[in-house]
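The following exercises concern a single protein chain. Each consists of a task and a solution worked in steps.

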Amino acid sequence: MNGDVRVDGPINAKTDDTVSVYDGSMVKKDGHTFAGWKSSADGIVYAAGETFTMPAANVTLEAQWNVNKHVVSLDA
């Protein structure tokens, strides 16, 4: 699975409105941990639940991921 994001549809906000970033509780990607949302316009990464001020243009946020690391031990 590449990743699943629950989408409730776009948020309609006016310039200078305060917008809350989706908390990410339903965002999943096998082998990864959700790390926040990155703005494709300016590269800022927002933590789940963080807020930002809506600019004059549309905003697209992309899920960011950390790869889960595991240790393998061999017992000869």
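**Exercise 1. Aromatic cluster**

Task: Determine which residues the ring pairs link into a cluster, and classify the pairs that involve W37 and Y22 or F34.

Solution. The model is a predicted one. Step 1: the ring pairs join Y22, F34, W37 and W65 into a cluster. Step 2: over the whole structure, the search returns four aromatic pairs. Step 3: for Y22 and W37, the centres are 6.3 Å apart and the planes make an angle of 55 degrees, and this pair is tilted. Step 4: this pair connects distant parts of the chain, with Y22 in the loop between strand 1 (18-20) and strand 2, and W37 in strand 2, 15 residues apart. Step 5: the rings of F34 and W37 have a centre separation of 5.2 Å and an angle of 65 degrees between their planes; since angles over 60 degrees count as edge-to-face, this pair is edge-to-face.

**Exercise 2. Burial of the two tilted partners**

Task: Decide whether Y22 and W37 are buried or partly exposed.

Solution. Step 1: the cut-off for buried is under 20% relative accessible area, and values between that and 50% are partly exposed. Step 2: Y22 has 23% relative accessibility, so Y22 is partly exposed. Step 3: W37 has a relative accessible area of 7% and is therefore buried.

**Exercise 3. The sheet**

Task: Establish the strand order of the open sheet and identify which strands stand at the edges.

Solution. Step 1: the chain contains five strands and zero helices. Step 2: three strands make up an open sheet, ordered 3-2-5 with antiparallel pairing. Step 3: strand 3 (45-46) and strand 5 (61-67) each have a single partner strand, so they are the edges, and one side of each lacks a neighbour in the sheet. Step 4: strand 2 (residues 32-39) is joined to strand 5 by seven bridges; among them, G36 is partnered by Q64 and T33 by N66. Step 5: strand 2 is joined to strand 3 by two bridges, and K38 has V45 as its bridge partner in strand 3. Step 6: strands 2 and 3 form a hairpin with five residues between them, and G43 in the turn has a positive phi of about 80 degrees.

**Exercise 4. The surroundings of S39**

Task: Describe the location, burial and contacts of S39.

Solution. Step 1: S39 belongs to strand 2. Step 2: its relative accessibility is 4%, so S39 is buried. Step 3: the side chain of S39 makes a polar contact of 3.0 Å with that of D42. Step 4: apart from neighbours within four places in sequence, S39 touches I44, Y46, V59, T60 and L61.

**Exercise 5. Core and chain totals**

Task: Which residues form the largest nonpolar core, and what share of the chain counts as buried?

Solution. Step 1: the largest nonpolar core comprises eight residues, namely V19, V21, V27, F34, W37, Y46, F52 and M54. Step 2: taking V21 and setting aside neighbours within four places in sequence, the contacts of V21 include W37, Y46 and F52. Step 3: across the 76 residues of the chain, 14% count as buried. Step 4: the chain exposes about 5900 Å², of which carbon and sulfur atoms supply 49%. Step 5: among contacts with a separation of 6 or more, 66% are between residues 24 or more positions apart.

How values were computed
Residues are numbered from 1 along each chain as its sequence is written. This is a predicted model: local features need pLDDT of at least 70, side-chain atom pairs count only at pLDDT 80 or more; totals for chains, interfaces and linings use all residues. Side-chain values use heavy atoms; hydrogens and water are left out. Two strands pair if DSSP finds at least two bridges between them. Helices (H or I, at least four residues) and strands (E, at least two) are DSSP runs, numbered from the N terminus. Buried means under 20% relative accessible area, exposed over 50%, partly exposed in between (1.4 Å probe, protein chains only). Contact means heavy atoms within 4.5 Å. Accessible areas come from the Shrake-Rupley method with a 1.4 Å probe; for residues, only the protein chains shown count as cover. A nonpolar core is a set of buried Ala, Val, Leu, Ile, Met, Phe, Trp, Tyr and Cys residues joined through side-chain atoms within 4.5 Å. A polar contact is a pair of N or O atoms within 3.5 Å; within protein, one must be able to donate a hydrogen and the other to accept it, and residues adjacent in sequence count only if both atoms are side-chain atoms. Rings of Phe, Tyr and Trp (its six-membered ring) pair if their centres lie within 6.5 Å; planes under 30 degrees apart count as stacked, over 60 as edge-to-face and the rest as tilted.
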